[in-house]
Amino acid sequence: QVQLVESGGGLVQPGGSLRLSCAASGSIFSINAMGWYRQAPGKQRDLVATITGGGSTNYADSVKGRFTISRANAKNTVYLQMNSMKPEDTAVYYCNADLSNGLGRRDNYWGQGTQVTVSS
């Protein structure tokens, strides 16, 4: 069984910073890509950023230059550093991992989500 556990959400003022973490645990053979998605109330879940095992990154246009995704492969952990935050960044942030489990089956896994609120 594989679990993704997120941490680091909370309330921040406009212009402030937060750092999200997501650790994958359980029966994991290998992790391909990891990433962050977000869902605001009444909206669909959208991609924020992804990172491959080799370190290639992809960002939504709305966060380029403000957010940075990174990964600690040895810890099966992905991070999202969010700077210069705006009220429109308010959403539930979900961690995602494309990985192969201990039986060699490749699948997509999601964390439970962490609330991020940007407000004065």
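**An antiparallel sheet and two loop residues with positive phi**

Asn-76 is found in the loop between β7 and β8 of this predicted model. The phi angle of Asn-76 is near 50°, a positive value in a residue other than glycine. Most residues other than glycine have a negative phi. With a relative accessibility of 25%, Asn-76 counts as partly exposed, because this class lies between the buried limit of under 20% and the exposed limit of over 50%.

The two strands joined by this loop pair with each other: β7 and β8, the latter formed by residues 77-82, run in the antiparallel sense and are paired over 6 bridges. Within this pairing, Phe-67 stands opposite Met-82 in β8.

Both strands belong to an open sheet of 4 strands, arranged in the order β1-β3-β8-β7 with antiparallel pairing. The edges are occupied by β1 (2-7) and β7 (67-72); each has a single partner strand, so one side of each is left without a neighbour in the sheet. On average, neighbouring strands of the sheet are turned by 15° against each other, direction ignored.

A second residue with a positive phi is Ser-84, which lies in the loop between β8 and β9 (91-101). Its phi is near 50°, again in a residue other than glycine. The relative accessible area of Ser-84 is 42%, and Ser-84 is therefore partly exposed.

Technical notes: Residues numbered from 1 in each chain as written. Predicted model: local features only at pLDDT ≥ 70, side-chain atom pairs only at ≥ 80, totals over all residues. Heavy atoms only, no water. Pairing = 2+ DSSP bridges. Axes fitted to C-alpha atoms, helices over the stretch in contact; angles between N-to-C directions. Buried < 20%, exposed > 50% of the residue type's maximum accessible area, 1.4 Å probe, protein only.
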